[in-house]
Amino acid sequence: MQGKNRLKIWMTLMVLAVSCGSTPVALPAATTSPKTTTTATTSSTTSSTTTSTTTSSTTTTTTTTTTLPPPREATLLFTGDIIPHSPVVRAAAIAAEGTDRAHDFRPLFAEVTERIAAADLAICHLETPLTKDLNDLSGYPRFNAPVSLADDLVDIGYDACSTASNHVLDQWLSGAETTAQAFIDAGLGQTGISVTERDAYSPVTYDANGISVGHVSASFGFNGMPVPADTPWLVLDLEVDALLAAARRTRAVGAEFVVLSLHWGIEYRTAPTEVQRQLAETLLSDPDVDLIIGHHAHVVQSVGMVGDEYVVYGLGNFLSNQSAACCAVGTQDGVIVVVNLLETADGVKAQEVAVTPTRVARSDGYRIREVGASLSENPDSTELQNSWARTIDRLGAEDLGERAPVETCGALTC
């Protein structure tokens, strides 16, 4: 009886000790309960019973990966002077024979249409007024071309044109207004002619594969024709402050890349003038101007740089009746310029200029030919060989090293 009581007392003490978190009380080995959940460690001299509780936990780590979109890219395409001399307009009339149209300029562009249409933004330079009155057509020196040319430029693949030139007032204010309306009717963008003051202060921007491109157009003068006193905003000249103000307005409305199309230089001079160089230096040093495209000289001029920004001094003639017989060697030459844009940490930049030499085939309906592609078919043509060499030499005269214009040759391997 005394032994049973003694055992109960020891067991009671053990339970109290375990439940209170104290050091377990060791019982004689012979009296340890077989149902107690313990871990027992036995040595030759002592016996002990240890009870432990293990808590297991699981930690889950979630990693979020953000995939940034690739930098945006776009191609801008520019071509030289489109001058619808009377023989060019007659060629368009011949091309339209058998149709319900009076003129069709599209066949004259047939060999370059695919390249033009492939660009994200294609911009031409129309140097002359347009008219609806086919009895009022005229050529040099005071041009007036059919309005159907604007519709054809759309079909060819152009998105817009620069229109500021020394011929913009050939048909006075009414001719400029008719030309601007022809662009509206055709659904073709233009900058250079501002019919209203509101137009003059409304920046022009275009979407080029998701990149907003602003466009400003200006000319050195207007062949002595005065800008009407009551419409001083009609067309910009090359005054620096006015050009920079226009560029700033364009940037302010969200343009990520601003292009100036400038009608400048001296006719038939292949080297840029000092005035051109100084103006390019001033304009491209401003953060709101990213690229200059030049017109008017009627011959191809060089591609240069101010800092890391391009200036294409002169694109030559893209479509005209000029030749060495009237004007200068190389006036049938032109170039298609493609500027490749890339979004960078510092904004949208021009990464590369690609050039495709062209030539007007006056003896074949004034068709515009890609010289490289034509040479691949007629490799022995001295005319084409000379045209190619002349254009490439003039474009590369600035020696830009790795930033020099890249030749694209159609079917010809450069």
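About 30 Å³ of space lies in the largest cavity of this structure, which, I should say at once, is a predicted model. The structure holds one cavity of 30 Å³ or more, and the residues that line the largest cavity are Leu126, Thr128, Pro129, Thr163, Val168, Thr179 and Ile193. By character, that lining divides into four nonpolar residues and three polar ones, with no charged residue.

Let me go from the cavity to the pocket. How much space lies in the largest pocket? The volume comes to about 660 Å³, and among the 32 residues that line this pocket, those closest to its centre are Thr191, Ile193, Ser194, Asp199 and Ala200. Several elements give two or more residues to this lining, namely α5 (172–186), β8 (189–191), α6 (197–200), β10 and α7. Of the elements, α5 gives the most, with five residues. The lining of the largest pocket divides into 18 nonpolar, nine polar and five charged residues. If you have the structure open, please look at Ile193, since this residue is named in the lining of the largest cavity and also appears in the list of those closest to the centre of the largest pocket.

Next, the charged pairs. Side chains of opposite charge can pair when their charged atoms come close. How many salt bridges does a search of the whole structure find? The search gives 17, and I will take three pairs and one network.

The pair I would begin with is Arg369 and Glu111, whose side chains meet in a salt bridge with an N to O distance of 2.6 Å. This pair links distant parts of the chain, with Arg369 in strand β18 (residues 367–370) and Glu111 in the loop between α2 (86–95) and α3 (113–118), the two being 258 residues apart. Glu111 has a relative accessible area of 40%, so this residue is partly exposed.

The next pair is Asp286 with Arg248, where the closest N and O atoms of the salt bridge are 3.0 Å apart. Here too distant parts of the chain are linked, since Asp286 is in the loop between α8 (274–284) and β12 (291–295) while Arg248 is in helix α7 (residues 240–252), 38 residues apart. Are the partners buried or partly exposed? Asp286 has a relative accessible area of 10% and is therefore buried, whereas Arg248, at 40% relative accessibility, counts as partly exposed.

Then there is Arg359, which forms a salt bridge with Asp333, the closest N and O atoms being 2.8 Å apart. This pair joins strand β17 (residues 347–361), which holds Arg359, to strand β16 (residues 333–344), which holds Asp333, and the two residues are 26 apart along the chain. Arg359 counts as buried because its relative accessibility is 11%, and Asp333 counts as buried at 1%.

The network consists of Arg101, Asp104, Arg106, Asp152 and Asp155, which are linked by salt bridges. That brings me to helix α4 (residues 148–156), in which Asp152 is buried, along with Ser148, Leu149, Ala150, Leu153 and Ile156. For reading such a pattern, it helps to recall that an α-helix has 3.6 residues a turn, so residues three or four places apart point the same way. After α4 comes Gly157, whose phi is positive, near 125°.

Finally, some backbone details that you may wish to check on the model. Where is the cis peptide bond that I would like you to look at? The bond joins Tyr140 and Pro141, with omega about 10°, and Pro141 is in the loop between β5 (130–131) and β6 (145–146).

Asn223 is not a glycine, yet its phi is positive, about 55°. The residue is in the loop between β10 (211–219) and α7, and Asn223 counts as partly exposed because its relative accessibility is 43%. Asp399, likewise not a glycine, has a positive phi of about 55°, and its place is in the loop between α10 (382–395) and β19 (406–407). Is Asp399 buried or exposed? With a relative accessible area of 68%, Asp399 is exposed.

Terms used:
Residues numbered from 1 in each chain as written. Predicted model: local features only at pLDDT ≥ 70, side-chain atom pairs only at ≥ 80, totals over all residues. Heavy atoms only, no water. Buried < 20%, exposed > 50% of the residue type's maximum accessible area, 1.4 Å probe, protein only. Helix = DSSP H or I, 4+ residues; strand = E, 2+ residues; numbered from the N terminus. Salt bridge = Lys/Arg side-chain N within 4 Å of Asp/Glu carboxyl O. 1 Å grid on protein atoms, 1.4 Å probe; cavity = no way out; pocket = protein on both sides within 12 Å on 5 of 7 lines; lining within 4 Å. Points joined across faces, edges and corners; volume = space filled by probe spheres on them. Nonpolar A, V, L, I, M, F, W, Y, C, P; charged D, E, K, R; others polar.
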